[in-house]
Amino acid sequence: MTTICCISDSHLGYRHRMKKQRLLDYENSFQGAISRAMELNPSLIIFGGDLVHHPRPEPKSLRTLIKNLIGIAEKIPVIICIGNHEIEGHLGTAYTPIFSDLHENIHVLSTDNPHITLDIGEKRVGVHGFQYLRSRRLAEEKLLEVSRFEPNDYDILCLHQGIERYLNPFELSLRALREVAGKFNLILSGHVHKHQEIKELMDITPAYYIGSTERISFNEAGNSTGFIALREFSRVEFIPVRSARMESVKENLGMMKPEEVNRAIEEIIRERRGRIECLQIRIDVKVDGDYFDLRHDWSQEQGFKILDVNVLPSAGEEFRSLERINISKDLIEDYFEKSGMHDRNDLREVCKGLYERYAGGFKR
Ligand SMILES: [Mn+2]
């Protein structure tokens, strides 16, 4: 069986919420994805970009990456697309193009090198794409350019761009993609971390977001982590990869006494200890009592890699009355004096300027 694996958005070297343990998570899920992929005995591995989180990655993560790339390349070809996290501007700001010098089996897609053709099984396979481009005009122009090639037996477009309806701002409109989609047998993209079909293209050609191997924010708590395996040039499977278990809990407690709020949060934590590794708790509550009786320091709670507790008390009368204070230039002067910032003339002038520009004419 011919298999092509596509792995994306591993974000190696990311220190999520400044936690050291999270650095390891990105490494482990990346290694996990590669081990699982290699078990499938693939003929090619494509990386969809954002292999690393920073354009100048932390050395240990870079070492993990390089060792793995060379390890794979000893056995099969590797193709890499360059993601937004790996590049700051032009190609010269990214380390990724250098990876093609590590091994003759490693190929990097870029506007300098947008077409890679390989013999896989009985087929001549073309993989086409370029580095993440920030400008919509440029990205659409390059897409059109890259789509002009002599067809192979099987052609894959591999990108790392924001696509209309999935990200805003986007760099590729659906119109531009639909125009060229027919040139390809498969379209793959990194960048959007949730694995899914790009359904607006599916009537022309199968198109997918590859998905990420580890979540980089609590917004992604609901995403599965894993990678794509293309079987026999026809079937696309999503292969799950173990990552840190993440949950985001949002609750509205209505009206509660501070000690009841504390107990409710402790209960949420207790239920998840040992089951969830990264936990975010967001509580909306009308506090019946003193806000300062809420427990504010949760850092002593053991058993989590990240525990993030936020209590948002709904605004009571005392907050609403604040809205009725009229701002004036005198009030700004007053604030700078009383807050001990009387020396900050630069900031004071900026504030007064902003007031004049946006609120100066406003009188109740
Ligand atoms: Mn990414």
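Buried, as I use the word today, means under 20% relative accessible area. With that cut-off, H11 is buried, because its relative accessible area is 0%. I start there since this histidine comes back twice in what follows. One caution before going on: what you have in front of you is a predicted model.

First, the overall picture. The chain has 364 residues, and buried ones make up 50% of them. It contains 8 helices and 15 strands. Along the principal axes, the C-alpha trace spans about 75 × 50 × 40 Å. The exposed area of the chain is about 18600 Å², with carbon and sulfur atoms supplying 49% of it. If you take contacts between residues at least 6 apart in sequence, 69% of them join residues at least 24 apart.

The domain assignment splits the chain into domain 1, residues 3–240, domain 2, residues 246–319, and domain 3, residues 325–358. Between the C-alpha centres of domain 1 and domain 3 there are 49 Å.

Now the metal site. Which protein atoms are the donors of the manganese ion? They are OD of D9, NE2 of H11, OD of D50 and NE2 of H193, and they lie 2.1 to 2.3 Å from the ion. Along the chain, the donors follow the spacing D-x1-H-x38-D-x142-H. The pair D9 and H193 links distant parts of the chain, with their positions 184 residues apart. D9 sits in the loop between β1, residues 3–7, and α1, residues 20–39. H193 sits in the loop between β8, residues 186–189, and β9, residues 196–197. Is D9 buried or exposed? D9 has a relative accessible area of 0%, so it counts as buried. H193 is also a buried residue, at 8%.

Back to H11. This donor is found in the loop between β1 and α1. Its phi is positive, about 50°, although H11 is not a glycine.

There are two further backbone details to list. F233 also has a positive phi without being a glycine, here about 55°. It is found in the loop between β11 and β12, the latter being residues 235–240. With a relative accessibility of 14%, F233 counts as buried. The other detail is a cis peptide bond between N168 and P169, with omega about 0°. P169 is found in the loop between β7 and α4, where α4 covers 174–181.

Next, the packing. In soluble globular proteins, nonpolar side chains tend to be buried together. Here the largest nonpolar core has 32 residues, and F47, L65, I80 and F227 have the most contacts inside it. The elements giving two or more residues to this core include β1, α1, β3 (78–81) and β11 (226–231). Which element gives the most to it? That is α2, with 5 residues.

For one residue in detail, take F47. Leaving out residues up to four places away in sequence, F47 touches I7, F30, I34, L69, I72, V78, I79, I80, C81 and C158. A second, separate core has 23 residues, among them F130, V146, V192 and I198.

Last, one sheet. This is an open sheet of 6 strands, in the order β5-β6-β7-β8-β10-β9, and its pairing is mixed. Why do β5 and β9 each have one side without a neighbour in the sheet? Both stand at the edges with a single partner strand each, so one side of each is left free of a neighbour there.

Inside that sheet, β7, residues 154–159, runs parallel to β8, and 4 bridges join the two strands. C158, which F47 touches, has L188 as its bridge partner in β8. On β8 itself, L186 and L188 point one way, while I187 and S189 point the other way. All four of these β8 residues are buried.

To put the metal site and the sheet side by side: H193, a manganese donor, lies in the loop that follows β8 and comes before β9, and both strands belong to the open sheet. That is what I have for this model.

Key
Residues numbered from 1 in each chain as written. Predicted model: local features only at pLDDT ≥ 70, side-chain atom pairs only at ≥ 80, totals over all residues. Heavy atoms only, no water. Donors = N, O, S within 2.8 Å, 3.2 Å for Na, K, Ca; no water. Buried < 20%, exposed > 50% of the residue type's maximum accessible area, 1.4 Å probe, protein only. Core = buried A, V, L, I, M, F, W, Y, C linked by side-chain atoms within 4.5 Å. Contact = heavy atoms within 4.5 Å. Domains from an automatic or database assignment. Pairing = 2+ DSSP bridges. Areas by Shrake-Rupley, 256 points an atom, 1.4 Å probe, with all protein chains shown as cover.
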